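Biologist: Hi, I'm new to this one. Could you walk me through it?

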Amino acid sequence: MTTPLLSTAELQALDAAHHVHPFTDTGALNSKGSRIITRAEGVYVYDSDGNRILDGMAGLWCVGIGYGREEVVEAVAAQMRELPYYNTFFQTSHPPALALAAELTRITPAHINHVFFTGSGSEANDTVVRMVRHYWALQGQPERQIIIARKNAYHGSTMAGASLGGMSALHAQGGLPIPGIHHINQPYWYGEGGDTDPAAFGLARARELEQAIQTLGADKVAAFIGEPVQGAGGVVIPPGSYWPEIQRICDEYGILLVADEVITGFGRTGAWFGADYYGITPDLMPIAKGLSSGYLPIGGVLVGDRVFDALADGGEFFHGFTYSGHPATCAAALKVLEILQREQLPARVKNHIGPYLQRRWRELGEHPLIGEARMVGLMGALELTPDKAGRAPFKVPKGTVGLLCRENSFSNHLIMRHVGDTMIIAPPLVITDAEVDELIEKARLTLDQTYTQVKQLGYC
Ligand SMILES: *Cc1c(COP(=O)(O)O)cnc(C)c1O
């Protein structure tokens, strides 16, 4: 274990002097100082002041197997000694990339037998855009360009990823979205369903896809993309009626279905993939995060037979990354897949720890500050509201109370994230019953404190 030689204040000053953070208001951060995480073990991270913090977000949704797994470190070190880097361009391959491709496609749905490697989830979604349009060009339908996505979706931060995503704050910077992306409404019942019954709402939101296809022209639409459960948008769990209807519409109009599995892949929902959980058969599945449990950066696009067969006969696909199939990252992912299978972590989420955390999480739904407590597998949300019955917002700008709640949570040594006034968690898949109890206790304390402050500050 390495303890930094510098004090927290010195580390913060260095950070402020030279480091530009992702998704961060730099001025606001530097007036306060960043939180410095120095090491981690199991489900806990440790900061530069020695505090032990329960990581309710598994890093950024990725550390499924938990921190400090020595066998991943060993596998990566061994691979780096053997072959630290080689590319997979120019008719070349290497054992870690081909082994990972074979292993991955063994656990995917039966119609998915190939993978294209990338360095991240964003690159995976950039790959999706080019692959989908290239597929239709190869079919002799190059005018099929439009990809239908959803408002408040998150598909990454590159030009194509952020364009597919439906977050207006991202679109407002840098001239997005790129042409040929169309956004429909999301299946967010709590926030947008009003008095409609959830099942009817789910159907109505799915049918917006059909309306969009008819309006845009069925011969112009290439694909639909969605996260099986929206993550960064606030753990939006669609009503059960939603995905079967999306599948029906994609089938009926022959458009490609893309399930962004970057968060929902690798056991997060209790199934291997969100597609398995909802019983859908996507043509493409972008993956990243849980694939390597975050130990090294790797992503990819799982390619179904329909698209692969066309690509295989279609000449050169002019697309790829220097680090596509990087040997060390593949070695990390291979070991992570071995651990997920050996410890049966998806089944553990489905049968044991998921149901336990869900039950305890729903208890928090009784709290006076909470309008809804929802969870699928090990990803959940709490809707903060001053008005349980009416689901009304607070009197202050959206996100004010969420941020307050997040700061309280950090002070209580629990990492929860806020999206507006929605609190979200996605802990490592290895979390134990006792650690779940600790998570719930800290979350409850956090809600109590936030509730008191909200009343004192006149926010409700
Ligand atoms: C995080 C995320 C991405 C982007 O992945 P990066 O590795 O950050 O580029 C894409 N899609 C979804 C659903 C994500 O949650």
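Here is a short chat about the domains and the ligand site.

Biologist: Before we start, what kind of model is this?
Modeller: The model is predicted.

Biologist: Thanks! Which domains does the chain have?
Modeller: The domain assignment gives domain 1, made of 35–65 + 346–457, and domain 2, covering 71–342. Their C-alpha centres lie 27 Å apart. Each side puts residues into the contact: 32 from domain 1 and 32 from domain 2.

Biologist: How much area is buried between domain 1 and domain 2?
Modeller: About 2500 Å², with 65% of that coming from carbon and sulfur atoms.

Biologist: And how many salt bridges and polar contacts cross that interface?
Modeller: The count of salt bridges is zero, while 10 residue pairs are in polar contact.

Biologist: Which element gives the most to the domain 1 side?
Modeller: That's β11, with five residues. Others that supply at least two residues include α15 (345–364) and β12 (379–384). By class, the domain 1 side that touches domain 2 has 20 nonpolar, six polar and six charged residues.

Biologist: Switching topic, which residues are around the ligand?
Modeller: Among them are Ser120, Gly121, Ser122, Asn125, Tyr154, His155, Asp260 and Lys289.

Biologist: Nice. Where do Ser122 and Lys289 meet the ligand?
Modeller: A polar side-chain atom of Ser122 sits 2.6 Å from a ligand oxygen atom. For Lys289, an N or O atom in the side chain is 2.7 Å from an oxygen atom of the ligand.

Biologist: What about Tyr154?
Modeller: There a polar backbone atom of Tyr154 is 3.5 Å from a nitrogen atom of the ligand.

Notes:
Residues numbered from 1 in each chain as written. Predicted model: local features only at pLDDT ≥ 70, side-chain atom pairs only at ≥ 80, totals over all residues. Heavy atoms only, no water. Domains from an automatic or database assignment. Contact = heavy atoms within 4.5 Å. Buried area = accessible area lost by both parts, 1.4 Å probe. Salt bridge = Lys/Arg side-chain N within 4 Å of Asp/Glu carboxyl O. Polar contact = N/O pair within 3.5 Å; in protein donor to acceptor, adjacent residues only side chain to side chain. Helix = DSSP H or I, 4+ residues; strand = E, 2+ residues; numbered from the N terminus. Nonpolar A, V, L, I, M, F, W, Y, C, P; charged D, E, K, R; others polar. Near = heavy atom within 4 Å.
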